[in-house]
Amino acid sequence: MKNKFTINILLFVGLFLSLSSLSNAQPWMNKFENDPNPNFYDIQKSFNEYWKDKPLPVHGTKAKDENEGEEAGLGGWLSFKRWEWFMAPRVYPTGIYPDGRQLYNEQQKEKANRQGNPNVTSFGNWTILGPTTAIPTNGGAGRANCVR
């Protein structure tokens, strides 16, 4: 009985994974199925072309997704815009994403260089710019809790 249950679970998981790989939640990404590393600007252009004839969703309302025929929330618009806002300043001018492994390797090299040199104690030569006067202790400095 236990073996039959395990086999059924494995078949279900296998079927689920094989069917889920065929679907794509972002219709604007369909053209990149054969491209393992799409360019940021190509993805952005595809997204904008997909949404150019559609009314922009209003936050808090349901947007009808014509491809799926069901209520799809904001249809991925808000999630994409957040991703776009985050990634736009981080890609190279060509639209290629930075290689995380390269960044990590450079950090490890710097860490190894610092451990081998006992004279290096910080990243750079810091100098104070101000203010150089002492902060009064009788309530003259601090944070504002409210403004009237």
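Here are some friendly questions and answers about the side chains and helices of this predicted model.

Residues are numbered from 1 along each chain as its sequence is written, and side-chain values use heavy atoms, with hydrogens and water left out. Because the model is predicted, local features need pLDDT of at least 70 and side-chain atom pairs count only at pLDDT 80 or more, while totals for chains, interfaces and linings use all residues.

Q: How are the rings of Phe-47 and Phe-80 arranged: stacked, edge-to-face or tilted?
A: Rings of Phe, Tyr and Trp (its six-membered ring) pair if their centres lie within 6.5 Å; planes under 30 degrees apart count as stacked, over 60 as edge-to-face and the rest as tilted. By this rule there are seven aromatic pairs. For Phe-47 and Phe-80 the centres are 3.8 Å apart and the planes meet at 15°, so the arrangement is stacked.

Q: How many residues apart are Phe-47 and Phe-80 in the chain?
A: Helices are DSSP runs (H or I, at least four residues), numbered from the N terminus. Phe-47 belongs to helix α2 (residues 40–51) and Phe-80 to helix α3 (residues 77–87). The pair therefore links distant parts of the chain, 33 residues apart.

Q: Is Glu-84 buried or exposed?
A: Buried means under 20% relative accessible area, exposed over 50%, and partly exposed in between (1.4 Å probe, protein chains only). Glu-84 sits in helix α3. Its relative accessibility is 11%, so Glu-84 counts as buried.

Q: Which residues does Glu-84 touch, not counting residues up to four places away in sequence?
A: Contact means heavy atoms within 4.5 Å. With those sequence neighbours left out, Glu-84 touches Phe-40 and Gln-44.

Q: Which residue forms a salt bridge with Glu-49?
A: A salt bridge is a side-chain nitrogen of Lys or Arg within 4 Å of a carboxyl oxygen of Asp or Glu, and a search of the whole structure finds four. Glu-49 is in helix α2 and its partner is in the loop between α1 (2–20) and α2, so the bridge ties together parts 18 residues apart in sequence. Glu-49 is partly exposed at 39% relative accessibility, whereas the partner is exposed at 55%. The N to O distance is 3.8 Å, and the partner is Lys-31.

Q: Which residue caps the N-terminal end of α4?
A: A polar contact is a pair of N or O atoms within 3.5 Å; within protein, one must be able to donate a hydrogen and the other to accept it, and residues adjacent in sequence count only if both atoms are side-chain atoms. At this helix end, a side-chain oxygen lies 3.3 Å from the backbone nitrogen of Arg-101. The capping residue also forms a salt bridge with Arg-101, with the closest N and O atoms 3.4 Å apart. The cap is Asp-99.

Q: How far apart are the end C-alpha atoms of α4?
A: The expected span of a helix is 1.5 Å times one less than its number of residues. The 17 residues of α4 should therefore span 24 Å. The distance in the model agrees with this, at 25 Å.

Q: Which residue lies over the face of Phe-86?
A: A charge sits over a ring if NZ of Lys or CZ of Arg is within 6 Å of the ring centre and within 35 degrees of the ring normal. Lys-54 lies over the face of Tyr-50 at 4.1 Å from the ring centre. Over Phe-86, at 3.7 Å from the ring centre, lies Arg-90.

How values were computed:
Helix = DSSP H or I, 4+ residues; strand = E, 2+ residues; numbered from the N terminus.
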